[in-house]
Each structure stands twice: as C-alpha cells, then as structure tokens.
Amino acid sequence: MTKNHADQTVVVEFTGSQTIARAEEARQRLLEALSKGAGLTIDCHGMEECDLTFLQILMATRQSCIADNRSLNLVGSPALAAACLAAGVDMAVLVTSKGE
C-alpha cells in the first residue's frame with residue numbers, strides 16, 4: 001500500500017515476505033513512490049521475512065533519496081533487523097535527511 005501525506009511524504013508499506021521472488025515488485029513500488037513525493041517513509045512493521053535482495057533495493061532507494069535531496073525514513077521490523085544483522089548492515093544507514 002502507498003499513501004501520501006500532507007507534507008508530501010509518501011509512505012510505502014511492505015508486509016509478508018520480501019525476498020528475491022518479489023524483488024521487482026518492491027523495486028517498482030519504490031520507484032513509483034519516489035516519483036510522487038518530496039520524502040519517503042518505508043514501513044516494514046508488517047514484514048515477516050526479507051533477504052539480501054530487499055536490503056539492496058533499500059540501499060539503492062537511499063542513494064536515490066540522497067541524490068534527489070529527499071528524506072527517507074524507515075519503520076523496521078524484527079525480520080528486517082535480522083536480515084541487516086546477517087548482512088552486516090546497520091539499519092541506521094538506511095535512513096537519510098534532506099541535505100545529507
């Protein structure tokens with residue numbers, strides 16, 4: 001689900017399993033969201049599983065936000081935290097502020 005807020009932040013929710021099998025769908029949803037708003041919130045609180053592919057998509061989204069001077073916020077989940085830990089990625093690096 002994608003929602004727009006009054007402050008031009010777009011919220012994209014990911015639930016269930018976010019693995020290589022759904023990577024193209026996740027990528028397309030995030031590209032669409034980036035075309036709609038000034039900032040982006042990725043809400044993963046309902047996500048039950050993710051893999052390195054999803055983390056790579058998040059990192060690419062972060063790079064796009066930095067290049068376009070957009071904020072990126074992340075609502076985590078135990079599954080996302082576990083994937084980050086397994087990959088050696090600090091979840092904090094997935095978040096950015098305008099002008100970073």
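Strands, as the word is used here, are DSSP runs of at least two residues in the E state, numbered from the N terminus. The model is a predicted one, and one such strand, S2, covers residues 9–18 and includes Ser17.

Ser17 offers a convenient point of entry. Its relative accessible area is 24%, and because buried means under 20% and exposed means over 50%, Ser17 is classed as partly exposed. Apart from neighbours within four places in sequence, Ser17 is in contact with Arg22 and Glu49. Ser17 can also be placed relative to Ala79: the two residues are 62 positions apart in sequence, while their C-alpha atoms are 9.3 Å apart in space.

Strand S2 also holds Phe14, which takes part in an aromatic pair. A search of the whole structure finds one aromatic pair. The partners are Phe14 and Phe54, arranged edge-to-face, with 5.1 Å from centre to centre and 75 degrees between the planes. This pair links distant parts of the chain, since Phe14 belongs to strand S2 and Phe54 to helix H2, 40 residues apart. Phe14 has a relative accessible area of 0% and is therefore buried. Phe54, at 2% relative accessibility, likewise counts as buried. Phe14 has a further partner in Arg29, which lies over the face of the ring at 4.5 Å from the ring centre.

The surroundings of Phe54 lead into the interior. Leaving aside neighbours within four places in sequence, Phe54 is in contact with Phe14, Gln18, Ala26, Cys44, Met47 and Leu80. In soluble globular proteins, nonpolar side chains tend to be buried together. In this model, the largest nonpolar core has 24 residues, and those that touch the most other members are Leu40, Ile42, Phe54 and Leu80. Two or more residues of this core come from each of S2, helix H1 (23–34), strand S3 (39–50), H2, S4 and helix H3 (78–87).

Two of these elements, H2 and H3, can be considered as a pair of helices. Two packed helices are described by the angle between their axes and the distance between the axes. For H2 and H3 the angle is about 90 degrees and the axes are 10 Å apart. Because angles of 65 to 115 degrees count as roughly perpendicular, H2 and H3 are placed in that class. On the H2 side the contact is made by Leu52, Phe54, Leu55 and Leu58, and on the H3 side by Leu80, Ala83, Cys84 and Ala87.

Helix H2 spans residues 52–67 and also includes Thr53. Thr53 counts as buried, with a relative accessibility of 17%. Beyond its neighbours within four places in sequence, Thr53 is in contact with Ile20 and Ala23.

After H2 comes a loop that runs between H2 and strand S4 (72–75), and Asn69 lies in this loop. Although Asn69 is not a glycine, its phi is positive, at about 55 degrees. Asn69 has 41% relative accessibility and so counts as partly exposed.

The last residue to consider is Thr41, which is located in strand S3. Its relative accessibility is 14%, and Thr41 therefore counts as buried. Not counting residues up to four places away in sequence, Thr41 touches Thr9, Val10, Val11, Val12, Asn73 and Val75.

Definitions and conventions
Residues are numbered from 1 along each chain as its sequence is written. This is a predicted model: local features need pLDDT of at least 70, side-chain atom pairs count only at pLDDT 80 or more; totals for chains, interfaces and linings use all residues. Side-chain values use heavy atoms; hydrogens and water are left out. Helices (H or I, at least four residues) and strands (E, at least two) are DSSP runs, numbered from the N terminus. Buried means under 20% relative accessible area, exposed over 50%, partly exposed in between (1.4 Å probe, protein chains only). Contact means heavy atoms within 4.5 Å. Rings of Phe, Tyr and Trp (its six-membered ring) pair if their centres lie within 6.5 Å; planes under 30 degrees apart count as stacked, over 60 as edge-to-face and the rest as tilted. A charge sits over a ring if NZ of Lys or CZ of Arg is within 6 Å of the ring centre and within 35 degrees of the ring normal. A nonpolar core is a set of buried Ala, Val, Leu, Ile, Met, Phe, Trp, Tyr and Cys residues joined through side-chain atoms within 4.5 Å. Axes are lines fitted to C-alpha atoms, for helices over the stretch in contact, and angles run from 0 to 180 degrees between N-to-C directions. Angles under 35 degrees count as roughly parallel, over 145 as roughly antiparallel, 65 to 115 as roughly perpendicular and the rest as oblique.
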